[in-house]
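Let's take a walk through this model together, from its turns to its inner spaces. Keep the 3D view open as you read.

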Amino acid sequence: MQKTPLHSTPRSGTQSIERVVALLRELTVCRKGASSAQLAARTGIDRSTAHRMLQCLAAEDLLAYDADTRRYSFGRLAYDIGMAAAERLDLPQLCKPALARIADDTGDTVFLMVRSGDDAVCADRAIGSYPIKTFVVDVGTRRPLGVGGGSLAMLSALPDDVAELVLGHNAQRIATYEGMSVDRVRALRAKARKAGYVAMDVVAVPGARTVSVAILTAAGRPVAALSVTAIALRMTPAREKELAKILQREASELGKLLDQRVARGDRGD
């Protein structure tokens, strides 16, 4: 159904706020930024009105403007707002019981990867009882989306056009990882979308494999991912499928908890 252009809405007061939110919402899927004309066309807002609003947002540091490309992108204030929202939601604390359950059920190491723009960050991990540990990443490790199981799971859950924008932005960084390239990430992503989960060798760690599943909001947006990592000898095809089922169950429940927390507007403490 086609949206009603916002400039034709016969309301005052909140109308300007609605227009600003519409511009910001569209910009969230434009990873390389967008011009005022593009954002106006996508939102149905009058071009001159959109231009004025975007200039104001840039003046307040919520957006940044690149004079060479004539594109707007999110600025420093948007980053600060995002960090404050992430602190309120406290994903690691929300996911900690699930990580402990998975580690107990599987005996292996469990990782929580959280999306941060075009990157994935290791936010937490839990250690299972199996004597051979696989600490493939440390808490705080940052990787471009597409490199690593949890990172790839989040990329695989993105719409194709958004995923391609992310890959374009991360291409040079992805190529710095041994054996990785944009083409390989595309192939792994296609395989993951077909299977419904990621199962792959751990990047730059010979003899280890990982199974990963994205945590999605009700709107289908990947905000984080759960991964179980173990030595390759433990990762038979049958066991990988069982691990995927465990991760999918936990990820589904976490997605519901996250949506509930956002709806309540509290931190759940």
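Is Arg70 buried or exposed? Arg70 is exposed, because its relative accessible area is 59%, and the cut-off for that class is over 50%. Please keep in mind that this is a predicted model.

**Turns and positive phi values**

Arg70 sits in the loop between E1 and E2. Strand E1 covers residues 63-66 and strand E2 covers residues 71-74; the two run antiparallel and are joined by four bridges. One place to look along this pair is Tyr65, which stands opposite Tyr72 in E2. The hairpin of E1 and E2 has four residues between the strands, and there Arg70 takes a positive phi near 60°.

Most residues other than glycine have a negative phi. Against that background, Arg70 deserves a glance, as a residue other than glycine with a positive phi. Ala204 is another such case: its phi is about 65° although it is not a glycine. You will find Ala204 in the loop between E6 and E7. With a relative accessible area of 62%, Ala204 is exposed.

A glycine can be added to this group. E3 and E4 form a hairpin with two residues between them, and Gly117 in that turn has a positive phi of about 65°.

**Strand E3 and its neighbours**

Strand E3 spans 109-116. How many of the eight residues of E3 are buried? Seven are, so E3 is largely enclosed by the rest of the structure. E3 pairs with two strands that you can trace in the view. Six bridges connect it to E8, in an antiparallel arrangement, and seven bridges connect E3 to strand E4 (residues 119-126), also running antiparallel.

Met113 is a handy landmark for both pairings. In E8, the bridge partner of Met113 is Ala225, while in E4 the partner of Met113 is Cys122.

**Helices H6, H8 and H9**

H9 has 28 residues and reaches 41 Å from its first C-alpha to its last, close to the 40 Å expected at 1.5 Å a residue. Its buried residues include Leu243, Leu247, Leu254 and Leu258, and among them are also the charged residues Arg239, Glu240, Glu250 and Arg261. An α-helix has 3.6 residues a turn, so residues three or four places apart point the same way. That is a useful thought to carry along when you look down the helix axis.

Ser156 belongs to helix H6. Ser156 counts as buried because its relative accessibility is 8%, and the limit for that class is under 20%. The side chain of Ser156 reaches the backbone oxygen of Leu152 at 2.8 Å.

Val182 lies in helix H8 and, at 16% relative accessibility, counts as buried. Val182 is 36 residues from Gly146 in sequence, yet their C-alpha atoms are 8.4 Å apart in space.

**Inner spaces**

The search of the whole structure finds one cavity of 30 Å³ or more. Of the 17 residues that line the largest cavity, the closest to its centre are Val136, Arg143, Gly148, Gly149 and Gly150. The space in the largest cavity is about 150 Å³. Strand E3, helix H6, strand E6 (198-201) and strand E8 (222-231) each supply at least two residues of this lining. Which element gives the most to the lining of the largest cavity? H6 does, with three residues.

The second largest pocket holds about 250 Å³ of space. It is lined by 19 residues, and the closest to its centre are Ala157, Gly196, Val213, Ala214 and Leu216. Helix H6 (149-157), helix H8 (182-195), strand E7 (208-216) and helix H9 (237-264) each supply at least two residues of the lining of this pocket. Here H9 gives the most, with five residues.

The table sets out the linings by class.

| Space | Nonpolar | Polar | Charged |
|---|---|---|---|
| Second largest pocket | ten residues | six residues | three residues |
| Largest cavity | eight residues | seven residues | two residues |

H6 is a good element to finish on: it supplies at least two residues of the lining of the largest cavity, and at least two of the lining of the second largest pocket.

Notes:
Residues numbered from 1 in each chain as written. Predicted model: local features only at pLDDT ≥ 70, side-chain atom pairs only at ≥ 80, totals over all residues. Heavy atoms only, no water. 1 Å grid on protein atoms, 1.4 Å probe; cavity = no way out; pocket = protein on both sides within 12 Å on 5 of 7 lines; lining within 4 Å. Points joined across faces, edges and corners; volume = space filled by probe spheres on them. Expected span 1.5 Å × (residues − 1). Buried < 20%, exposed > 50% of the residue type's maximum accessible area, 1.4 Å probe, protein only. Pairing = 2+ DSSP bridges. Polar contact = N/O pair within 3.5 Å; in protein donor to acceptor, adjacent residues only side chain to side chain.
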